[in-house]
Amino acid sequence: MNASLFRSWHAVVAALLVVGFYLWGRALGTTWGWQTDTDRGFLLWSGWVAFTLYLVLWAYAARKAAHRTRWSFEFARAVPVQQLEQAQARLSDLRVEAFAGRLTGASMLAARATSVLAQEKVDRVLAAEVTPGADGKPPQLTVRWRQPLGRLARWMHAHLYYGVAAAVLVTLHGGLRFTSPMALALNALSLAVIGTGLFGIVLWTFGPAWLSAAEGDLNYERADALRQHYARKVAATADALRTTAAPAVNAVLAAGPAGGAAFLAAAQGEAQPIARDLLTLLGQRAAVDVVWQRLSARRAVLNTWRLVHVPLSIALVLVVLVHVFSVWIY
């Protein structure tokens, strides 16, 4: 189970926002949604805070798109592998010195490590962290990748929780009334986004374990690579046999390993060893293909919800923009 989602401080912030606005509205005795007796301050604050949360969601979408298309400035900070290897080798030497007692102070080790990263010109992508040793033990040196904008997984946590919080605030703001086209669009889309968002949280939590249970010793990426590998090998071996037994080759490619007996009977003389190799490859490809299809089906389940959630979210954002613009103008 991916429990990191439930240890995120974004969950606390999102929950406090939702509970705070709910209690505020209850204390005022205001009617949810716009009515003549609805508190104007509650309406404005709930609307603008929800809009601010949507800005966070847009920032996540932009960051993810930039990362996927390699437009993120983090890719521009990349350095040659040789420099990274050289820096790691020198840092390993520093660890040996610390273990041998020649670098006894954590501050000294940290200064030396920082100097190494700067000299190898990798300090813009790597950072050194030193933990003082306890009970006379030497200080510990670790190296981490710099992530100026934060880990994408943390952004996902913010996206999930603030997305649900924003949708709830929009629901409080609109009062679940369907008395106008704008109210219908805002409230219906909010409920849909909340539902698909909660389903996404469930998939984020339990999906990896569910997928891993089907992987065993062969994960999806490895199965896909092996599937392509065997496809190339089968094609090359089949081409080597077509000159002598083209009809039999076509038949066994269509039937798979099940047509092996007839295929071996049709292969004569020097073609026999190659025919046996082809049957072996077909069997291996079929075994890998079974695993790949099972994993593909599970990955499809994990990804299909986005085909519903993302368009609904975009539609909700557009409706919110129209609503904000109309309130601002009128």
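# A walk through the chain, starting at Lys121

Start by selecting Lys121: this residue follows H5, and its phi is positive, near 60 degrees. That is a positive value in a residue other than glycine. Keep in mind that you are looking at a predicted model. Lys121 sits in the loop between helix H5 (106–119) and strand E1 (126–131). Buried or exposed? Lys121 is exposed, because its relative accessible area is 61% and the cut-off for exposed is over 50%.

**Step back to H5**

Now select residues 106–119, which make up H5. At 1.5 Å a residue, the 14 residues of H5 should span 20 Å, and the end C-alpha atoms are indeed 20 Å apart. Next, pick out Leu109, Ala113, Val116 and Leu117, the buried residues of H5. They cover an arc of only 95 degrees around the axis, so they lie on the same side of H5. What covers them? Among the elements over the buried residues of H5 are helix H4 (81–100), E1 and strand E2 (140–145).

**Across to H4**

Select 81–100 to bring up H4. With 20 residues at 1.5 Å each, H4 should span 28 Å; its end C-alpha atoms are 29 Å apart, which agrees. Color Leu84, Ala87, Leu91, Leu94 and Ala98, the buried residues of H4. Their arc around the axis is only 80 degrees, which puts them on the same side of H4. The cover over the buried residues of H4 includes H5, E1 and E2. Turn to the face of H4 that points away from its buried side, and you'll find the exposed residues Val81, Gln82, Glu85 and Phe99. Just past the end of H4 comes Gly101, with a positive phi of about 90 degrees.

**Zoom out**

Show the whole chain as a cartoon. How many helices and strands are there in the chain? You should find ten helices and two strands. Reading from the N terminus, the order is α-α-α-α-α-β-β-α-α-α-α-α. The chain has 330 residues, and 35% of them count as buried. Switch on the surface: the accessible area of the chain comes to about 19200 Å², with 64% of it belonging to carbon and sulfur atoms. As for contacts with a separation of 6 or more, residues 24 or more positions apart account for 68% of them.

**Into the cores**

Select Tyr54, Leu169 and Leu316, the residues with the most contacts inside the largest nonpolar core, which has 33 residues. The elements giving two or more residues to this core are helix H1 (9–28), helix H2 (40–68), helix H6 (152–174), helix H7 (181–215) and helix H10 (271–329). H6 gives the most, with 13 residues. Leaving aside residues up to four places away in sequence, Tyr54 touches Ala166, Ala167, Val170, Leu316, Val317 and Val320. There is also a second, separate core of 16 residues, including Leu241, Ala275, Val288 and Leu295.

**Last stop: Ser46**

Finish in helix H2, at Ser46. Ser46 counts as buried because its relative accessibility is 1%, and the cut-off is under 20%. Which backbone oxygens does its side chain reach? A polar atom of the Ser46 side chain lies 2.8 Å from the backbone oxygen of Phe42, and the side chain also reaches the backbone oxygen of Leu43 at 3.1 Å. Beyond residues up to four places away in sequence, Ser46 touches Phe21, Leu169 and His173.

Methods. Residues numbered from 1 in each chain as written. Predicted model: local features only at pLDDT ≥ 70, side-chain atom pairs only at ≥ 80, totals over all residues. Heavy atoms only, no water. Helix = DSSP H or I, 4+ residues; strand = E, 2+ residues; numbered from the N terminus. Buried < 20%, exposed > 50% of the residue type's maximum accessible area, 1.4 Å probe, protein only. Expected span 1.5 Å × (residues − 1). Arc of directions from axis to C-beta. Contact = heavy atoms within 4.5 Å. Areas by Shrake-Rupley, 256 points an atom, 1.4 Å probe, with all protein chains shown as cover. Core = buried A, V, L, I, M, F, W, Y, C linked by side-chain atoms within 4.5 Å. Polar contact = N/O pair within 3.5 Å; in protein donor to acceptor, adjacent residues only side chain to side chain.
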